[in-house]
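I opened the model to look up strand pairing, helix packing and one pocket. My entries follow.

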Amino acid sequence: MQNFFCDTLDYYCLNEHISKSFRYIVHMKDEVDGKALRDALDITMTRYPYLKKRIVADGKGYMLEDNDLPLVVKESDKPMTLCGSESNYHLFALTYFGKDIFFNNVHAIFDGRGRGPMLHTLMYYYCKMRYGGEEEMPEVWLAGTPVDPAEYFDPFTVPLPETDDLLPKPEIPAKALRLEEQGLVVRSRQYLHYIRINENQLMSLCKSSDGTPNTILSLLMCHAIDKLHPDAQEPIIAQVYCDYRHVVGAEKSHHNMVTTLPLVYEHSMKGMSLEKQNTAMRGDILYLSDPSILLHTVTGIKAACDAVNGLPTLQAKFDAVAQGMGAFFNQTTFAISYSGKKSFGTCDKHIEALFPAGEPIGIGILMEVTAADGWFYVVFMQDWREDVYFNAFLKEIVGLGLDFDLLYSSEAKAPSFSLE
């Protein structure tokens, strides 16, 4: 059996109340061939044996052990239950329906970047089998190529690089504007909206207003919230997800290594032009992601993981992580994750769109953003059914002259978690 370190906080979010999990959707241009997907996954897993794990629990905590049962491929558009019999006790599984391939995983085993190498291998073999031709995909890790131990390296098992004090650590307000406390929504089953925004228009706006996709979309949400709650005393805080592999020497590792950069929409920013607001937020991102500041943040994460691992019981670990998440939620009005443009080589011609979709349990609003085929795809996830904030966000998009399509809406279908 093996313990976990940098993944500690995510593993101890896995209980009957919270399941930090994701459903990554690859929307193909043709109907999914289930046999080709099954065969592609079988070949793929010969290259990634270290991902075949299961969780075991005793009264003291969770542990991982090897799992030789086959990974599951199942035709269904229903939510998947991971870590139990439905997934052969694995931490991830594939489902498919119509033109969609659903990659279901608990966040603890890998984040979006950590999932990337395996997903590329899978899509290479799937497209090769489905369409019967050769595919080209730069730097894809194919079956039979050597496995680098760096792929499963956990940076919290060794001392972190030394931090410096060249830059002062930022002070973040202890309490953000929390949307569920404003009386317009009621926490209930999570609901998702899938939209796409014209890529050329959005990038042109970024160029003309000193912005990036992260800052533009964050500001659109801030403007929407501010117009609904103009007299709110608490600041609007956008938490922007950030990968920290580069500061801990773990560029290839599959482990979950993301933190957030808190962007505070100050009251003083309200009267600024969009260009000045973008400049301010870009400056905050550059500062908070500076290696010395980011390493301070990661050092704090490691200390929290070490403290949780040192607790004597499973329940104590659950309680400690729940308390920490509560503090994070208090400093979050909404969160946004932009994973950038992805390419699957010649397989791109078979792929229509990519949708990372989780459940924003406790966050309130989470926007997952990807880019493909001339569009920015935004999955707008909310902890309620009421669309007041979503509609306000769309109004801001229209106000800037951006073209968008509402593709569809649905209840959240991220996988759940069950230990049997």
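Entry 1, strands 6 and 7. I found six bridges joining strand 6 (residues 92–97) to strand 7 (residues 100–106), and the two run antiparallel. Leu94 has Phe103 of strand 7 as its bridge partner. Strands here are DSSP E runs of at least two residues, and helices are H or I runs of at least four, numbered from the N terminus. Two strands pair if DSSP finds at least two bridges between them.

Entry 2, ground rules. This is a predicted model, where local features need pLDDT of at least 70, side-chain atom pairs count only at pLDDT 80 or more, and totals for chains, interfaces and linings use all residues. Residues are numbered from 1 along each chain as its sequence is written, and side-chain values use heavy atoms, with hydrogens and water left out.

Entry 3, the sheet. I traced an open sheet of five strands in the order 4-6-7-1-12, with mixed pairing. Strand 4 (73–75) and strand 12 (351–358) are at the edges with a single partner strand each, so one side of each has no neighbour in the sheet.

Entry 4, a parallel set. Three bridges join strand 9 (residues 236–243) to strand 11 (residues 334–341), and these run parallel. Ala238 has Phe334 of strand 11 as its bridge partner. Strand 11 also runs parallel to strand 13 (residues 365–372), with five bridges. There, Tyr338 is partnered by Val369 of strand 13.

Entry 5, pocket lining. Which helix gives the most to the lining of the second largest pocket? I found helix 3 (residues 112–131), with four residues. A pocket is an open set of 1 Å grid points, over the protein atoms alone, where a 1.4 Å probe fits, with protein on both sides within 12 Å along at least five of seven lines; lining residues have an atom within 4 Å of a point.
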